Amino acid sequence: MTKIGRTCTVSLQKRADQALLEAAGISTAQSAVLVIVANSPGMRQNQVASSLGLNESAVTAMVTRLVKLGLLARARSAEDSRAWELSVTQAGETTLKAIEAPFAEVNALIDGTLGEDTDALAARLDALSTRLATS
């Protein structure tokens, strides 16, 4: 990635984090965990880590924080007592609603800047992410 690309990525990440922290008190990474669990209740921490391409210890730290905030609940798996299954709490559902507007604003900024190229760029970045994950 070029220096300009890195700078843009960092600036966008900071903007999104600031907007989410103001709206709901969580970071973009924590919101990603919340969204993934909301879309697949009962998901295990290792599955969340795999979905995000993060190591399990990073996800464990985020899940622990989200549990302390009352946004996620953790329960031992009936199938494997070593595994934790995750679910979004009512407060977590409220938080998901609270982050919709900030995400919409950031997405509008991206779309407004990239215009018609947004979908094509997103597809290329997804392809790159897939190649990096499999190489």
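What percentage of the 135 residues in the protein chain do buried residues make up? In this predicted model, buried residues account for 25% of the 135 residues in the protein chain.

## Overall architecture

The secondary structure of the protein chain consists of six helices and two strands, and, read from the N terminus, its elements follow the order α-α-α-α-β-β-α-α. The C-alpha trace of the protein chain spans about 45 × 35 × 25 Å when it is taken along its principal axes.

Of the contacts in the protein chain between residues at least 6 apart in sequence, 48% join residues that are at least 24 apart.

## Surface and nonpolar patch

The protein chain exposes about 8,800 Å², and 55% of this area is supplied by carbon and sulfur atoms. On the surface, Leu125, Leu128 and Leu132 make a nonpolar patch of about 310 Å².

One of these residues, Leu125, is placed in helix α6, which covers residues 118–134. Leu125 has a relative accessible area of 49% and is therefore partly exposed, and a patch of this kind is made of residues with over 30% relative accessible area, a cut-off that the 49% of Leu125 meets.

## Surroundings of Trp84

Two arginines are found over the face of Trp84: Arg74 lies at 5.1 Å from the ring centre, while Arg76 lies at 3.9 Å from the ring centre. As for pairs between aromatic rings, a search of the whole structure finds zero of them.

Terms used: Residues are numbered from 1 along each chain as its sequence is written. This is a predicted model: local features need pLDDT of at least 70, side-chain atom pairs count only at pLDDT 80 or more; totals for chains, interfaces and linings use all residues. Side-chain values use heavy atoms; hydrogens and water are left out. Rings of Phe, Tyr and Trp (its six-membered ring) pair if their centres lie within 6.5 Å; planes under 30 degrees apart count as stacked, over 60 as edge-to-face and the rest as tilted. A charge sits over a ring if NZ of Lys or CZ of Arg is within 6 Å of the ring centre and within 35 degrees of the ring normal. Patches are made of residues with over 30% relative accessible area and no salt bridge: like charges are joined within 9 Å, nonpolar side chains (Val, Leu, Ile, Met, Phe, Trp, Tyr) within 5 Å. Accessible areas come from the Shrake-Rupley method with a 1.4 Å probe; for residues, only the protein chains shown count as cover. A salt bridge is a side-chain nitrogen of Lys or Arg within 4 Å of a carboxyl oxygen of Asp or Glu. Helices (H or I, at least four residues) and strands (E, at least two) are DSSP runs, numbered from the N terminus. Buried means under 20% relative accessible area, exposed over 50%, partly exposed in between (1.4 Å probe, protein chains only). Contact means heavy atoms within 4.5 Å.
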